Structures are given as C-alpha cells and as structure tokens.
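Open your viewer, get your selection tool ready, and take this tour one stop at a time.

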Amino acid sequence: ITTQTHFSSLLQQQQQHKPSIFLNPFSSKSKSKSQTKNPNFTLSYLINTCNLSPAWALKLSKRVHLKSPDQPNAVLNLLKTFGFSELQLSLLVKRFPIVLKIKPEKTILPKLQFFLSIGLSTSDLPKLLIGNSVLLEGSLKYCLVPRYNILSTVLRDRDKVVLALKRVPWCLTGRGLINHLIPNVEHLRGVGVPQGPIAHLVCNHLGVVCVEHTKFVEAVEKVVKFGFDPMKTMFVEAVKVVVGTSKEAWEKRVEVYERWGWSNEMCLCAFRRYPQCMLMSEDKVMRTMRLLVKDMGWPAEDIFRTPGVLSPNLEKTIMPRSRVMKVLKERGLVKSDSRLSSAILITEKLFLEKFVGRFQDRVPGLMEVYKGHVDHLDSVL
C-alpha cells in the first residue's frame, strides 16, 4: 500500500471515528444576572478574583473586556473541578486572558473530557494547558481528535501517546502532524526501521518527524549513507541530528573538531558513535577539548572513539572528575593510560564510590579537590 493511500485512508477514518467522550452536565451560573456598569470591572476582577498584580491586570484588561462575573466565574469554577489550583488559574489567565470569555460548557468542557478520555489525569491538565492554551481554542472535532487518531495509529500504544502529548502538546494543533507525520513514518519503515525506534523518535522528538516530507527523506538518506543500522535506535537519533542541522552548521562543527586534529573521517566516526556531538556549540567543544587534552593530557585523536565524554556539563561533571583523576594518576593509584571516559560517563554515585570513597583514606582531601574547594591536593596537605 502506498504512503498516499494509507494517509488518505486514515484521514477518512478520522472523520468517522473519534475517542468516546462522556459529557457530564455542568452549570456554574452566578446568582446575579445584572451586568456591572463599572468601567473598571475587568481590572478589579483580574486583581481580586484572578490574583493578578495591578500591573498585569492593567495590561491584560486591554485584551479582554468583561461585563459581569457570570461568564468568567463559570470558566474558573469549571477549571477548578478539573484540578486547577488558584495559582494555576492565575497563570493560565495571565498567559491566556481570553479563556475567561470562552463558553465553558460548550467549548471548554468537551475538550477537558476528551483529554481525560485519552489517558491524561487531572494533575496533567494544568501543566498541559497553561503552556499550550491554544489547545482550548482549536476545534475538538476537526483539530484535536484527527491529530490524536494519527498519533495513536503511529505509536500503537495509549501510554506512549500520552507521553508524546505531555512532551509536545502543540502537536494537537500543528499542521506538521497532519501533513507529514504519516508519510515520514512510512518512509522510516520503508528503509527498515522497526516500531521500537520509531516510537522512540515520535515520543521524544515529535517535531523531527513532523518536518516537511522532502527534508525528512533527505535526512534519512544521509543517515543511511553514513552507515547507521536502521534496526537500532541510534539510527533515528542520527536522523534527529541531521534534520536539525543545516549544511553550514555541520561544516562549522567539523571545522571546530579539525582544530584539534580530527580528520573528516574521524568526525564521521564520532558522529556514528554519538550523533549529538554534531549539535554541540563551538564554545562547549573548545572548552571541553582544552580541559581534556591540555590539562588532562588525553590525546585529541582518542576522544573521537568515545565522543560521549564531550556531552556532560563541563563545570558540574567533567571538571571535578578530571581534578580527581589527575590527582589519582599523579599518585599512581590509577593507570596513566586509563580511559577517562570510564570516569566521566558513569553516574555521580558510582564515581564517588569508585574514585573518591575508595581512595579517601589513602589520599586525604580528595573530596575537597572534587568539590573544587582547592585547586590541587598540595593545598590541603
């Protein structure tokens, strides 16, 4: 079956099916039906009911005009029913003041029920909507449900769909998911990528799979030429990097590594082993290489074999561990040719046990070196 036929079939199914939604009657009518004649009502409502500062209230009052408490009260009460706290309501109004004028029962309630019906919890809703209030504006029938159905078809697992939505909520309104997700996923399957890596890419980097189809195909073809195995997750990680890196940016990163003696083939080798090495900034690469090569004496040409050592935070991980390893080498407690990667690419707990706690009695002050309280062990001996 062709990608186009599969995509058209899926869109037709979306018009006929949608997740079941059970709507409960909800009414939050104010006892007062009269409209206030106070021109400052909007301002006072935003301050006293929505807990906004006078400055923010004044700013937002130019974007939303309230005539009475009936409508906004009904909205706030509905959202409280679905898990919003006072603080979260204040944040939502601050970012999306027009929510106070959206019809609660007709527009907001069906969407909240929809989100619950697909597996989100009431604790998830505030986090989802505060930063992505556009979800309250999009059509449930023609926007949210079709995109949800596409995502479900691709991921084939309700929990993974929920995970993807939490990480990339905008996908339920973006055009990329409708126009490109299915063709791009079909292309991955066509080159032999199994469901596991596809689900990994969609769940963790959904924006990558929603880029324009031609661009995505070009990226996949490059990754294939680079020699990545489509059966492994590293393949889709490489696709993510290529999609997000322009030709100019790629060449600039190669130039940075070449300053440290890497050839173009060494850059490709490092990329195959750790694709993210081609996403690091010039400053990050230069500072890390300077520390590892000049301060630690690790041959620059050896780093391409374990390029993952360039990734951890320089100040929080690489520098303190390098100080400890330097002291231990000077004391002959670890081999001078021991791989620094074995110290950098392990958890902090394991590093402290293996390289600090283990030698603490034989090298007093080693923990002070690790914490950066002294530059060298001689300072505490």
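**Stop 1: the cysteines**

Select C210 and C171 and show their side chains; keep in mind that you are looking at a predicted model. How far is the sulfur of C210 from the closest cysteine sulfur? The gap to the sulfur of C171 is 7.0 Å, which is too far for a bond, because a disulfide needs the two sulfurs within 2.5 Å. C210 is also buried, at 8% relative accessibility.

Now move to C269. Its nearest cysteine sulfur belongs to C277 and is 9.6 Å away, so C269 is in no disulfide either. Is C269 buried or exposed? With a relative accessible area of 15%, C269 is buried. By the distance rule, the count of disulfides comes to 0.

**Stop 2: a glycine in a helix**

Select G176, which you will find in helix α10, residues 175-190. G176 is buried, with a relative accessible area of 16%. Leaving out residues up to four places away in sequence, G176 touches L181 and C210, and you have already met C210 at the previous stop. Next, add E212 to your selection. Along the sequence G176 and E212 are 36 residues apart, yet from C-alpha to C-alpha the distance is 7.3 Å.

**Stop 3: the nonpolar core**

Stay with L181 for a moment. L181 is among the residues with the most contacts inside the largest nonpolar core, together with F115, L151 and V202. How many residues does this core have? It has 127. The largest share of them, 9 residues, comes from helix α8, which covers residues 140-155. In soluble globular proteins, nonpolar side chains tend to be buried together.

Zoom in on L151. Which residues does L151 touch, if you set aside those up to four places away in sequence? Show V161, A164, L165, C171, L177, L181, V202 and L206, and you have them.

**Stop 4: two pairs of helices**

Two packed helices are described by the angle between their axes and the distance between the axes. Start by colouring α6 (residues 104-117) and α8. Their axes come within 12 Å and cross at roughly 10 degrees. Angles under 35 degrees count as roughly parallel, so that is how α6 and α8 lie to each other. To see where they meet, show P110, K111, F114 and F115 of α6, then L140, L144, V145 and Y148 of α8.

For the second pair, colour α14 (residues 233-243) and α16 (residues 264-273). How are α14 and α16 placed relative to each other? Their axes are 9 Å apart and make an angle of about 120 degrees, so these two helices are oblique to each other. The contact is made by M234, A238, V241 and V242 on the α14 side and by F271, R272 and R273 on the α16 side.

While you are in α14, select K240, which lies in this helix. Is K240 buried or exposed? At 16% relative accessibility, K240 counts as buried. Apart from neighbours within four places in sequence, K240 is in contact with L201, H205, V208, Q276 and L279.

**Stop 5: three loop residues**

Most residues other than glycine have a negative phi. Select N51, in the loop between α2 (41-48) and α3 (54-60). N51 has a positive phi of about 60 degrees although it is not a glycine. Its relative accessible area is 45%, so N51 is partly exposed.

Then go to R156, in the loop between α8 and α9 (158-167). Here too phi is positive, at about 60 degrees, in a residue that is not a glycine. R156 is exposed, with a relative accessible area of 55%.

The last residue to select is R305, in the loop between α18 (300-303) and α19 (314-330). R305 counts as partly exposed, at 46% relative accessibility. What joins the side chains of R305 and D302? Draw a line between them and you will find a polar contact of 2.6 Å. Add Y274 as well: R305 and Y274 are 31 residues apart along the chain, and their C-alpha atoms are separated by 9.4 Å.

**Stop 6: the whole chain**

Finally, zoom out and switch to a cartoon view. The chain has 22 helices and 0 strands. Of its 381 residues, 48% are buried. Among contacts with a separation of 6 or more, 72% are between residues 24 or more positions apart.

Conventions
Residues are numbered from 1 along each chain as its sequence is written. This is a predicted model: local features need pLDDT of at least 70, side-chain atom pairs count only at pLDDT 80 or more; totals for chains, interfaces and linings use all residues. Side-chain values use heavy atoms; hydrogens and water are left out. A nonpolar core is a set of buried Ala, Val, Leu, Ile, Met, Phe, Trp, Tyr and Cys residues joined through side-chain atoms within 4.5 Å. Buried means under 20% relative accessible area, exposed over 50%, partly exposed in between (1.4 Å probe, protein chains only). Helices (H or I, at least four residues) and strands (E, at least two) are DSSP runs, numbered from the N terminus. Contact means heavy atoms within 4.5 Å. A polar contact is a pair of N or O atoms within 3.5 Å; within protein, one must be able to donate a hydrogen and the other to accept it, and residues adjacent in sequence count only if both atoms are side-chain atoms. Axes are lines fitted to C-alpha atoms, for helices over the stretch in contact, and angles run from 0 to 180 degrees between N-to-C directions. Angles under 35 degrees count as roughly parallel, over 145 as roughly antiparallel, 65 to 115 as roughly perpendicular and the rest as oblique.
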